[in-house]
Amino acid sequence: MKGRDWLVTEDGHYQVCKSVRAWDLLRENYRLYRFLTEVEDVLNGVDDESSSLLEIRMLVRRLIVNSYWVRSQYLEPSPKTGTSVLLLYDELGFPLTVQTVTFAPGTISNIHNHGTWGVVAVLKGQEKNTFWRRDRTPESEDKIELTGEIILSPGDIVSFTPGAIHSVQAVGDEPTVTFNVYGETDPKERFEFDPVKHSAKKF
């Protein structure tokens with residue numbers, strides 16, 4: 001599963017990063033537990049977790065290349081909300097959340113940040129990511145400005161710094177399935193943004 005690697009930062013900047021070739025990542029018996037241990041080792045070696053996004057993207061790519069189980073773990077989208085989330089790992093005291101997320105075609109998320117770093121790999125379908133940045137003014141601390149968008153396909157991986165703002169939409173005729181890894185969320189720094197009212201609320 002080849003694809004591009006992206007990095008999105010708090011200022012709304014997004015860039016393609018060097019990606020590891022899938023065939024260089026082939027490894028027998030590379031499973032979720034090994035992935036979690038290797039991510040933990042990476043995070044334990046740094047003070048700023050966001051500086052590890054390159055290494056974590058590589059580990060995510062290694063996992064989705066080698067683990068059919070991970071690629072097959074997802075739910076059908078809810079007919080009420082158009083989305084579903086399957087939690088694969090979330091242990092008290094361990095600062096990682098691992099899940100797969102499914103969006104029905106046409107479903108659009110709110111505009112939000114995560115209050116932590118994140119790495120998202122597209123497994124199925126296509127997902128449009130729209131990026132924003134805070135454009136603070138004397139009248140509003142929460143005004144945001146559109147900075148651009150990309151369409152991600154299977155094999156593409158996008159990573160976010162904690163303050164990066166985006167919205168996602170499933171495009172095409174089939175549901176979008178993503179594999180998502182997040183650090184420990186700071187609830188005081190996670191927001192949903194309203195671009196019309198120039199407001200933000202806890203999310």
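This passage looks at how aromatic rings sit together in a predicted model, and at two arginines placed over ring faces.

A pair of aromatic rings is described by the distance of the centres and the angle of the planes. Searching the whole structure turns up 5 aromatic pairs. Take Trp 6 and Tyr 14 to begin with: their ring centres are 6.2 Å apart and their planes meet at 40°, so this pair counts as tilted. That label follows because 40° is neither under 30 degrees, which would be stacked, nor over 60, which would be edge-to-face. Trp 6 has a relative accessible area of 8%, so it is buried. Tyr 14, on the other hand, comes out at 25% relative accessibility and is therefore partly exposed, since the buried class stops under 20% and the exposed class needs over 50%.

Tyr 14 also pairs up with Phe 131, again in a tilted arrangement, with 5.0 Å from centre to centre and 40° between the planes. This pair ties together distant parts of the chain. Tyr 14 belongs to strand S2 (residues 14-17), while Phe 131 belongs to strand S7 (residues 126-134), and the two are 117 residues apart. Phe 131 is buried, because its relative accessibility is 0%. Put the pieces together and Trp 6, Tyr 14 and Phe 131 make up one aromatic cluster.

Rings can have charged neighbours here too. Arg 62 lies over the face of Tyr 30, 5.6 Å from the ring centre. Likewise, Arg 134 lies over the face of Phe 191, in this case at 5.1 Å from the ring centre.

How values were computed. Residues numbered from 1 in each chain as written. Predicted model: local features only at pLDDT ≥ 70, side-chain atom pairs only at ≥ 80, totals over all residues. Heavy atoms only, no water. Phe/Tyr/Trp six-rings, centres within 6.5 Å; stacked < 30°, edge-to-face > 60°. Buried < 20%, exposed > 50% of the residue type's maximum accessible area, 1.4 Å probe, protein only. Helix = DSSP H or I, 4+ residues; strand = E, 2+ residues; numbered from the N terminus. Lys NZ or Arg CZ within 6 Å of the ring centre and 35° of its normal.
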